[in-house]
Amino acid sequence: MTIEVKPILPRFGAEVSGVDISGPLDEETKRQIVDIQNRWGVTVWRDTGLDDAGHVAFSRIFGHVELAPRHSAKPSRMSEPELFDASNLDADGNIVDNESIRLAAGGNRLWHSDSSFMDVRSSQALLLCHEAPPHGGPTWFADTRSAYEDLPQEMKDRLEGLEATHSYFWSRRRAGYPYTEEEIDAKPIARHPVVHVHVGSGRKALFVGAHTRDIVGMEREEGRKLIDELIDWCTQPQYVFPVYYKPGDMAIWDNLCSLHRGGEYDDTLYRRDMRRTTVRDPQAEETALDHYSRMFAAAADTPFNPAEKTRDRILAKA
Ligand SMILES: [Fe+2]
């Protein structure tokens, strides 16, 4: 068996074939797949034949698979506790009719790195398509390693040693969710370097996206200008490509060397059933089993479970 790797961009993204990942894999094959993922940052697998359990089992070759957060306002459709429901469907399989959840989903259409708002970051995300809209519904990916490497030396020097704060609630605000700066101040915030070494490849990568709120030690306005400038830089045409899905197709992206965003489609009209697993940053020492739910519980008022005050504002806006 030979694993075939077909690059999408010269330095980023590849379609992988020639291996059946729906069954058990030997150690050598697992090692090769991890190497391919580390090299290309995003891999695309067509017609995988994976079911929910197989999806979770395959994900484990990359490391510790997180438990998905559960929200009281959105009962889960998922059969496995590790599966994150990235669909526009409710627990009964109908298209979601809830303005607060739809607004939260709008945040996913901004360029971001999943979980950058957590102290313990995520590395690989494995998104499997169960049902796709007839037109659109892609995921777009951006190469934050090549984008860093291509920066002028002057900018690399400027970024050296900088750290940024990241907040889930900040990206929701950017997407139109009615949080005030003061409310976001009171919620959990994470802090990460703006440039870090991507351990799987040894290459440096930028680490800013829609969750990135401020540059530590910089005036707020100046920091936000820099954050926007870096996101714009990373998402230039030479660094990005879309993945369109059919049922059974899967994209795997490494959040520590890429940004992504959900592409446009009419989510009030078309069903899009996507399920995701999330692998913990292999460098993390944190051993908590369910730190997502802990973070969202600490935040109390979330788009999935808004407090009365916020709910009134959403309804007023809708
Ligand atoms: Fe995402």
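The following paragraphs describe the fold, the nonpolar cores, one central strand and one helix of a predicted model.

The overall picture comes first. The protein comprises 10 helices and 15 strands, and 38% of its 318 residues count as buried. Contacts tend to bridge distant parts of the chain: among those between residues at least 6 apart in sequence, 80% join residues at least 24 apart.

The largest nonpolar core contains 54 residues. Leu-127, Leu-206, Val-208, Cys-234, Met-250 and Ala-251 have the most contacts inside this core. Met-250 offers a good view of its surroundings: leaving aside neighbours within four places in sequence, Met-250 is in contact with Trp-45, Thr-48 and Leu-50, and also with Leu-126, Leu-127, Leu-128 and Cys-129. Apart from the largest core lies another, of 8 residues, with Phe-117, Tyr-168, Trp-170 and Tyr-179 among them.

Four of the contacts just listed lead naturally to strand β5, which covers residues 122-131. Of the 10 residues in β5, 8 are buried, so the strand is largely enclosed by the rest of the structure. Two pairings involving β5 can be described. With strand β15 (residues 273-280), β5 pairs in the antiparallel sense over 7 bridges; here Thr-277 of β15 is the bridge partner of Leu-126. With strand β13 (residues 250-254), β5 also runs antiparallel, and 5 bridges join the two. In this pairing, Trp-253 of β13 is the bridge partner of Ala-125. Met-250 and Ala-251, both listed above for their contacts inside the largest core, fall within the residue range of β13.

Helix α8 (residues 220-234) makes a nice companion case. At 1.5 Å a residue, its 15 residues should span 21 Å, and the end C-alpha atoms are indeed 21 Å apart, so expectation and model agree. The buried residues of α8 are Gly-223, Leu-226, Ile-227, Leu-230, Ile-231 and Cys-234. Seen down the helix axis, these buried residues fall within an arc of 135°, and they therefore line one face of α8. The other side of α8 carries the exposed residues Glu-221, Glu-222, Asp-228, Glu-229 and Asp-232.

The buried residues of α8 pack against several elements. Among them are the strands β6 (139-143), β7 (163-166), β10 (203-206), β11 (212-215) and β14 (258-262), together with helix α4 (144-149). Cys-234, one of the buried residues of α8, is also one of the residues with the most contacts inside the largest nonpolar core.

Technical notes: Residues numbered from 1 in each chain as written. Predicted model: local features only at pLDDT ≥ 70, side-chain atom pairs only at ≥ 80, totals over all residues. Buried ≥ 20, exposed ≤ 12 C-beta atoms within 10 Å, placed from the backbone. Pairing = 2+ DSSP bridges. Contact = placed C-beta atoms within 7 Å. Core = buried A, V, L, I, M, F, W, Y, C linked by C-beta atoms within 7 Å. Expected span 1.5 Å × (residues − 1). Arc of directions from axis to C-beta.
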